[in-house]
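I opened the model to look up how the protein chains meet the DNA and each other. My entries follow in the order in which I made them.

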Protein chains: 2
Amino acid sequence: MIKDLFNCDHVGKMTGDKRREQILHTAVSLFSQRGFSGTTTKEIARVAGVSEAMVFRHFSTKSELYDAILGDKSCHDGIRFPWEENPVLHEAIKNKDDYNVFFNLALNALIKQQADENFLRLLFYSALEEHELADRFFNEFVARLYEFIGGYIKLRQNDGVMREMNPRIVVRAFLGMLIHHSLNNILWDRNRRLLDITNEEAAKNFAEIILRGVLKKV
Amino acid sequence: MIKDLFNCDHVGKMTGDKRREQILHTAVSLFSQRGFSGTTTKEIARVAGVSEAMVFRHFSTKSELYDAILGDKSCHDGIRFPWEENPVLHEAIKNKDDYNVFFNLALNALIKQQADENFLRLLFYSALEEHELADRFFNEFVARLYEFIGGYIKLRQNDGVMREMNPRIVVRAFLGMLIHHSLNNILWDRNRRLLDITNEEAAKNFAEIILRGVLKKV
DNA sequence: TTGGAGTAAGTAAGCACTTACTTATCATAC
DNA sequence: GTATGATAAGTAAGTGCTTACTTACTCCAA
């Protein structure tokens with residue numbers, strides 16, 4: 001019963017691919033909690049419910065196990081762009097509905113970051129530890145996000161409704177609010193002592209602030 | 001000569017206190033670069049230019065060495081409030097010169113964060129590793145910062161010049177811009193590929209955005 | 001001559017990783 | 001249907017090296 005619900009706890013033999021995937025997910029979870037050097041292969045094996053030798057059958061070194069995260073499907077799920085499969089955002093952009101563009105971007109980001117706490121932790125660990133993962137995420141995701149949001153701002157500047165200023169500074173300010181808010185909730189203020197608001201409230205306020213900051217008239 | 005410049009490299013005997021301090025500073029530097037579990041006592045000793053036994057004479061365990069950072073003077077230098085010894089900010093607050101209040105807060109924060117990269121890295125490592133340092137910094141510094149800036153916003157709301165909204169959300173948005181910008185410069189975009197601006201430019205733009213976001217009329 | 005600064009050379013436990021072996025699975029031959 | 005054998009999943013018990021930490025000592029200035 002329970003084994004069916006948590007298919008990771010499956011006891012007995014598994015197919016190679018399934019076991020590999022399970023070890024990888026266990027590793028991601030542990031690396032995100034304790035970092036690379038804070039995680040031991042012994043513990044990965046223990047949590048995955050196999051012997052240490054099995055870990056090394058599937059991944060020849062601990063580093064290779066970390067590197068394999070890059071190629072993992074669920075990792076690339078974390079790198080899903082906001083404009084993909086988001087008809088509401090598409091509509092808002094088409095209609096040049098500035099508030100809903102920024103509100104939607106904010107809300108989506110906050111929800112995703114909240115749901116994938118582990119991925120955010122992993123990303124920060126890998127940035128501090130200067131692992132390729134951080135670099136790749138930056139180049140493949142963040143850089144494109146800057147182009148996308150920056151592009152929209154430039155468009156609205158050409159329309160004459162937004163003030164002339166470096167669009168990328170606006171993007172940095174906006175993403176700063178979002179990431180900092182998530183980081184507070186995940187890392188520093190888990191019990192919401194300083195600020196306890198819903199994602200909707202946060203998205204609404206951040207969208208308002210950034211728009212008033214950049215629009216010529218509200 | 002060099003030994004005088006870098007008083008840490010002093011060879012030969014030192015007084016106990018001086019050696020203790022030097023080992024501590026070496027440790028802070030290494031912990032901030034590689035995290036707690038990524039740093040070995042052997043390397044701390046090597047970089048400090050003493051035997052490992054000396055490290056354990058001054059600090060009975062590796063953890064105690066980490067904990068000692070909390071009590072270190074230079075750590076509390078990192079925790080220096082923006083309203084201390086900053087007459088320009090004081091003046092701006094007294095005159096209710098909103099732009100200069102926020103511009104000053106931003107510029108000071110950015111300069112300090114840039115100068116003390118190591119401290120920021122240490123703070124993030126300790127937050128991820130759930131070390132007391134992060135908690136203490138949050139309670140002693142961040143919480144008070146929220147009260148201070150939030151208090152100013154509330155004051156200006158009572159004056160009728162700022163919109164009615166949760167002041168703490170504004171503080172979060174503002175600090176988010178600042179910290180995220182520094183984090184980008186330190187961690188992800190060291191060569192300023194995405195955005196290459198001076199601290200003054202950043203402070204000016206961030207102050208403008210947050211003020212337009214919260215003021216009734218600019 | 002004594003007390004504190006300093007070290008060389010340990011120790012036990014823990015680390016990433018290996019070896020030599022045992023079990024389960026399943027297609028095929030009978 | 002059942003025995004068989006190849007193959008892949010799995011492990012217990014290591015390997016040598018590194019880790020945090022200790023011991024038993026030397027050196028030197030006051």
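Entry 1, strand C. I looked up phosphate contacts and found a phosphate oxygen of DNA strand C 3.0 Å from an N or O atom in the side chain of A:T41. I count a polar contact as a pair of N or O atoms within 3.5 Å; within protein, one must be able to donate a hydrogen and the other to accept it, and residues adjacent in sequence count only if both atoms are side-chain atoms. A:T39 uses a backbone N or O atom, 3.4 Å from a phosphate oxygen of DNA strand C. A:K62 also uses a backbone N or O atom, here 2.7 Å from a phosphate oxygen of the strand. The elements that give two or more residues to the surface near DNA strand C are α4 of chain A, and α2 (16–34) and α4 of chain B. Helices here are DSSP runs (H or I, at least four residues), numbered from the N terminus.

Entry 2, basis. This is a predicted model, in which local features need pLDDT of at least 70 and side-chain atom pairs count only at pLDDT 80 or more, while totals for chains, interfaces and linings use all residues. Residues are numbered from 1 along each chain as its sequence is written, chains are lettered from A and ligands numbered from 1 in the order in which they are written, and side-chain values use heavy atoms, with hydrogens and water left out.

Entry 3, strand C surroundings. I found 19 residues around DNA strand C, the closest being A:K13, A:K62, B:K13, B:M14 and B:R57; near means a heavy atom within 4 Å. Of the strand C atoms that come within 4 Å of the protein, sugar and phosphate account for 51%. The surface near DNA strand C divides into six nonpolar, seven polar and six charged residues. Ala, Val, Leu, Ile, Met, Phe, Trp, Tyr, Cys and Pro are taken as nonpolar, Asp, Glu, Lys and Arg as charged, and the others, Gly among them, as polar.

Entry 4, strand D. Which residues are closest to DNA strand D? I noted A:M14, A:G16, A:S51, A:R57 and B:K62, out of 20 that surround the strand. A polar side-chain atom of A:R19 lies 2.9 Å from a phosphate oxygen of strand D. B:T41 has a side-chain N or O atom 2.9 Å from a phosphate oxygen of DNA strand D, and B:T39 has a backbone N or O atom at 3.4 Å from one. The surface near DNA strand D holds six nonpolar, eight polar and six charged residues.

Entry 5, chain against chain. I found 49 residues of chain B in contact with 49 of chain A, contact being heavy atoms within 4.5 Å. The two chains bury about 4700 Å² between them, 66% of it on carbon and sulfur atoms; this is the accessible area (1.4 Å probe) lost on putting them together, summed over both. Two salt bridges cross the interface, each a side-chain nitrogen of Lys or Arg within 4 Å of a carboxyl oxygen of Asp or Glu. A:R163 forms a salt bridge with B:E208, with the closest N and O atoms 2.5 Å apart.

Entry 6, symmetry. A rotation of 180 degrees with 0.0 Å of shift along its axis superposes chain B on chain A, RMSD 0.1 Å, by least squares on the C-alpha atoms of residues with pLDDT of at least 70 in both. The two copies are therefore related as by a two-fold rotation axis.
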